[in-house]
Amino acid sequence: MSIQTVATNPFSDQKPGTSGLRKKVRVFQQPHYLQNFVQSIFDTLEIPANATLTLGGDGRFYNKEAIQVIIKMAAANGFAKVLVGQHGILSTPAASNIIRKYQTFGGIILSASHNPAGPDDDFGIKYNTSNGGPAPEKITDAIFANSKHITQYKLIDLPEVDLSSIGVTTLDGFEVEVIDSVADYADLMQSMFDFAAIKRWLAAGHRLQFDAMHAVTGPYAKEIFTHRLGASADSLINCEVSENFGGGHPDPNLTYAEDLVKIAYGEQAPDFAAASDGDGDRNMILGNHFFVTPSDSLALIAANAKLIPAYAKGLSGVARSMPTSGAVDRVAAKLGIACYETPTGWKFFGNLMDAGRVTLCGEESFGTGSDHVREKDGLWAVLCWLNLLAATGESVESLVRKHWQVYGRNVYSRHDYEGVPTEQANAVITHIKAQFANLPGQAFGSYTVKAVDDFSYTDPVDASVSTGQGLRILFACGSRVVIRLSGTGTEGATIRVYLEAFTEDAAQQQLDAQEALAELISVSHQISQLPQLTGRQQPTVIT
Ligand code: VG1
Ligand code: CO
């Protein structure tokens, strides 16, 4: 096999965001663009002899083409073997599992997660290390640095690999193995949860409705829910993977998962409904006419973890991203276990899990997971809930309401303003920061500012420091507003405003979150001047 070296020029915009590099497909299709980034990844690694690379993606448009390119480049850059999911498919948590189970050197995951897919929409790529988790900032910073100076990339001009059939292709000592995308992951889930109890719960007439949003979890859901747990075929909707995700926006929230929301709030509502995102790492949990916020979901899973076989011995600790509500903190305090607050993005949980400090992690952005892999895991969260429903015999709503009675309720909402011109979004941040010195002590209606800061985090394991992770306005009563700019979008800026108030008052607990937070929302506008600076009166998405 002869290695070809191709001369190239750097692109200036290959800085990985919250979760890898995400751009329009047309950007990735520019000559050398994908290759430059992949070579920049490989150039940061010291690839040992006999190293294996895990490779797969969420099945979106351009997935298959990118996989063929990456196989050729992996061969030229010294990998001995590539493990690739059949048809190029691996959900993000399944890829993390493959890296760990087969102890591969690392993995490349092709996904722009919940961003829409298709020739005019988004593509993404990220590198995961041998622990199965997203590369930490130290590595993503090095990849970006390499991408700014790259002059050449390497490939071997191999024939296209047939991704449709399982098996090994050997090309002059270099191996490509196409593996079943689902089996290892389904086995892992079966080893963690009480499948017999969930089966009985379903057989007793309880109904489940799962929506894969035309994205990667379709084949996983069929194997787990219908084949292994005996759910009826009509329990699943949108479970055929399509390259443009059915033209939709595979973000499992009340706005975008409208097919499922209609069913869960309809006349024939099932006992339990759930959805996952483009690459299968996010989840939305619904009961009969009832929505569970991701922050509450994390807290409730933590509080009841011992009912799940995998966690029968209890949790070593928990972690949440900074903007996620403090509901899980209350559970940790009661359980007497550690609770860590990290910046946004799953890459910050890896060290804590590797060091055995935490078992469960979560983000308000519909991400929940545990140390069974090093990514958030949508179907895992769904199975947690099914296991808890089966073990307690309670409904989703009664589990949550009882949780609030015991722990109080962190009333929570996130308001997203999408597609804001970058200068306007920056102006909002600058405007808030300019008031930092004067805000503490100021009263706004019934809220008095206690402290403000731009969140920074020192990793307790490797002491690395991450600054500029989101503006926090903390009020004397314990409520808070957090404002940050998204690091996953591909068009303009997205401003995220996170609102949280705590209440032990049972009457307040019954209120709709938007009602209960109305005053805090208006205080956040007063301080940020967001409506004036952006001309936006309403958020694009409320979760
Ligand atoms: C968003 C979420 C963050 C999540 C990230 C990746 O990032 O807020 O919590 O980890 O997406 O999730 P940002 O920077 O846009 O706020 V996924 O499912 O898109 O890989
Ligand atoms: Co995702």
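Mentor: Before we start, contact means heavy atoms within 4.5 Å. The model is predicted: local features need pLDDT of at least 70 and side-chain atom pairs count only at pLDDT 80 or more, while totals for chains, interfaces and linings use all residues. Residues are numbered from 1 along each chain as its sequence is written, chains are lettered from A and ligands numbered from 1 in the order written, and side-chain values use heavy atoms, without hydrogens or water.

Trainee: What covers the buried residues of α6?

Mentor: Helices and strands are DSSP runs numbered from the N terminus (helices H or I, at least four residues; strands E, at least two). Buried means under 20% relative accessible area, exposed over 50%, and partly exposed in between, using a 1.4 Å probe and protein chains only. In helix α6 (residues 183–192), the buried residues are Asp-184, Tyr-185, Ala-186, Leu-188, Met-189 and Met-192. Their cover includes α4, α7 (195–203), α8 (217–228), β18 and α13.

Trainee: Why is α4 called largely enclosed?

Mentor: Helix α4 spans residues 92–101, and 8 of its 10 residues are buried, so the rest of the structure largely encloses it. The buried ones are Thr-92, Pro-93, Ala-94, Ala-95, Ser-96, Asn-97, Ile-98 and Ile-99.

Trainee: What makes the approach of Ser-91 to Ala-94 a polar contact?

Mentor: A polar contact is a pair of N or O atoms within 3.5 Å; within protein, one must be able to donate a hydrogen and the other to accept it, and residues adjacent in sequence count only if both atoms are side-chain atoms. At the start of α4, a side-chain oxygen of Ser-91 comes within 3.1 Å of the backbone nitrogen of Ala-94.

Trainee: Why is Gln-103 called exposed?

Mentor: Its relative accessible area is 69%, which is over 50%, so Gln-103 counts as exposed. Gln-103 sits in the loop between α4 and β5. Its phi is near 45°, a positive value in a residue other than glycine.

Trainee: What about His-214: why is it called partly exposed?

Mentor: At 25%, His-214 falls between the 20% and 50% limits, so it is partly exposed. His-214 also has a positive phi, about 60°, without being a glycine. Its place is the loop between β10 and α8.

Trainee: What makes Lys-81 and Glu-175 a salt bridge?

Mentor: A salt bridge is a side-chain nitrogen of Lys or Arg within 4 Å of a carboxyl oxygen of Asp or Glu. Here the distance from N to O is 3.5 Å, so the pair qualifies. Lys-81 is in strand β4 (residues 81–89) and Glu-175 in strand β9 (residues 174–179), 94 residues apart. Glu-175 is partly exposed at 28% relative accessibility.

Trainee: How do you know which partner of Asp-354 and Arg-374 is buried?

Mentor: Arg-374 has 6% relative accessibility and counts as buried, whereas Asp-354 has 43% and counts as partly exposed. Their side chains meet in a salt bridge at 2.7 Å, N to O. Asp-354 belongs to helix α12 (residues 350–354), while Arg-374 lies in the loop between β18 (367–370) and α13, 20 residues away. A search of the whole structure finds 28 salt bridges.

Trainee: What makes an atom a donor of the cobalt ion (ligand 2)?

Mentor: Donors are N, O and S atoms within 2.8 Å of the metal (3.2 Å for Na, K and Ca); water is not among the atoms, so sites may look incomplete. The protein donors are Ser-113 (OG), Asp-277 (OD), Asp-279 (OD) and Asp-281 (OD), at 2.0 to 2.1 Å from the ion. Ser-113 and Asp-279 are 166 residues apart, and both are buried. Asp-277 also pairs with Arg-282 in a salt bridge of 3.8 Å, N to O, and both of these residues are buried.

Trainee: How do you know that Asp-211 has no salt bridge?

Mentor: Lys and Arg count as positive and Asp and Glu as negative; His and the chain ends are not counted. The nearest side chain of opposite charge, Lys-262, is 10 Å from the buried Asp-211, and the limit is 4 Å. A polar atom of the Asp-211 side chain does lie 2.7 Å from the backbone nitrogen of Met-213.

Trainee: What makes a set of residues a nonpolar core?

Mentor: The members are buried Ala, Val, Leu, Ile, Met, Phe, Trp, Tyr and Cys residues joined through side-chain atoms within 4.5 Å. The largest core has 68 residues, of which Phe-210, Phe-225, Phe-272 and Trp-380 touch the most other members. Helix α13 (residues 378–392) gives the most, with 10 residues.
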